[in-house]
Amino acid sequence: MQPKKQTVPFKGTKEQEDALKQAIKELREEKGALMPVLQKAQEIYGYLPLEVQKIIANEMEIPLERVYGVSTFYSQFTLNPKGRNRISVCLGTACYVKGSGDIYNALMEKLGIVGGECTPDGRFSLDACRCVGACGLAPVMMVNDDVYGRLTVDDIDGILEKYQ
């Protein structure tokens with residue numbers, strides 16, 4: 001059973017909004033301005049929640065659907081905040097055959113989130129990836145820049161404790 005989808009409340013500040021509006025003002029007349037505006041917004045906020053997309057749409061006088069479409073099309077953008085500790089589980093062929101799907105499912109259950117989400121306390125975010133280049137250590141997961149290989153579901157609690 002997958003956990004219920006979590007929502008982390010948006011906590012943008014007036015300073016962030018002012019910085020975004022200034023960036024929009026500087027970039028809006030350039031051809032293809034939406035991409036650099038979205039990049040700047042993600043730099044300011046760390047992600048592109050609906051509230052930020054609405055600011056962009058209003059300030060640039062373009063439909064929200066267009067902002068959302070570009071935000072979801074390009075993999076460089078994320079609509080969910082990332083945790084202080086970013087967990088990435090390899091679901092590439094070598095890792096998957098050796099059980100990384102079970103590890104990913106166990107992490108979703110233990111953290112109470114689904115892939116692409118952040119725990120409500122902001123401590124962990126969870127994503128799947130296709131290959132980290134450590135196939136000989138399959139199955140593999142990364143926490144920030146730390147690589148953990150030859151994993152079993154029983155290893156997860158000990159690894160998470162290191163980041164508490």
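Which residues in helix 1 meet which residues in helix 3? The model in which to look for them is a predicted one. Before turning to that pair of helices, it helps to walk through the chain as a whole.

The chain contains 7 helices and 4 strands. Read from the N terminus, the elements follow the order α-α-α-α-β-α-α-β-β-β-α. Taken along the principal axes, the C-alpha atoms fill a box of roughly 50 × 30 × 25 Å. The chain has 164 residues, and 43% of them count as buried. Among the contacts with a separation of 6 or more, 63% are between residues 24 or more positions apart.

Now to the opening question. In helix 1, Glu17, Leu20, Lys21 and Ile24 make the contact, and in helix 3 their partners are Val52, Ile55, Ile56, Glu59 and Met60. By kind, the residues of this contact divide into 6 nonpolar and 3 charged, with no polar ones. Helix 1 spans residues 14-27 and helix 3 spans residues 50-60; their axes come within 10 Å and cross at roughly 35°. The crossing of helix 1 and helix 3 is right-handed.

Helix 3 leads on to a loop that joins it to helix 4 (64-73), and Glu61 lies in that loop. The phi of Glu61 is near 55°, a positive value in a residue other than glycine. Most residues other than glycine have a negative phi. Glu61 counts as exposed because its relative accessibility is 68%, and the cut-off for exposed is over 50%.

Helix 4 itself holds Gly69. With a relative accessibility of 31%, Gly69 counts as partly exposed. From Gly69 to Asp127 there are 58 residues in sequence, and the C-alpha atoms of the two are 21 Å apart in space.

The next topic is the interior. The largest nonpolar core has 21 residues, and Ile87, Val89, Leu107, Leu126 and Met141 are those with the most contacts inside it. At least two residues of this core come from each of strand 1 (85-90), helix 6 (100-111), strand 2 (124-129), strand 3 (141-143) and helix 7 (156-161). Helix 6 gives the most to this core, with 6 residues. Apart from this core lies another, of 19 residues, and among them are Leu20, Leu38, Tyr45 and Met60. Leu20 and Met60 also appear in the contact of helix 1 with helix 3 described above.

Met141 shows what surrounds one residue of the largest core. Leaving aside residues up to four places away in sequence, Met141 touches Ile87, Ser88, Val89, Ile103, Leu107, Asp146, Val147, Tyr148, Leu151 and Ile159.

Helix 6 deserves a view of its own. This helix has 12 residues, and the distance from its first C-alpha to its last is 16 Å, close to the 16 Å expected at 1.5 Å a residue. Its buried residues are Ser100, Gly101, Ile103, Tyr104, Ala106, Leu107, Met108 and Leu111. Strand 1, helix 5 (93-97), strand 2, strand 3 and helix 7 are included in what covers them. After helix 6 comes Gly112, and its phi is positive, near 70°.

Ile103, one of the buried residues of helix 6, also gives a link to a later part of the chain. Its C-alpha atom is separated by 9.2 Å from that of Asp155, although the two residues are 52 apart along the chain. Asp155 sits in the loop between strand 4 and helix 7. Its relative accessibility is 31%, so Asp155 counts as partly exposed.

Two more loops contain backbone features to look for. In the loop between strand 2 and strand 3 is Pro139. The peptide bond joining Ala138 and Pro139 is cis, with omega about -5°. Most peptide bonds are trans. Further along, Asn144 is found in the loop between strand 3 and strand 4 (146-148). Asn144 is not a glycine, yet it has a positive phi of about 55°. Its relative accessibility of 21% is why Asn144 counts as partly exposed, as buried requires a value under 20%.

Notes
Residues numbered from 1 in each chain as written. Predicted model: local features only at pLDDT ≥ 70, side-chain atom pairs only at ≥ 80, totals over all residues. Heavy atoms only, no water. Core = buried A, V, L, I, M, F, W, Y, C linked by side-chain atoms within 4.5 Å. Buried < 20%, exposed > 50% of the residue type's maximum accessible area, 1.4 Å probe, protein only. Contact = heavy atoms within 4.5 Å. Expected span 1.5 Å × (residues − 1). Axes fitted to C-alpha atoms, helices over the stretch in contact; angles between N-to-C directions. Left-handed = near helix turned anticlockwise from the far one by under 90°. Nonpolar A, V, L, I, M, F, W, Y, C, P; charged D, E, K, R; others polar.
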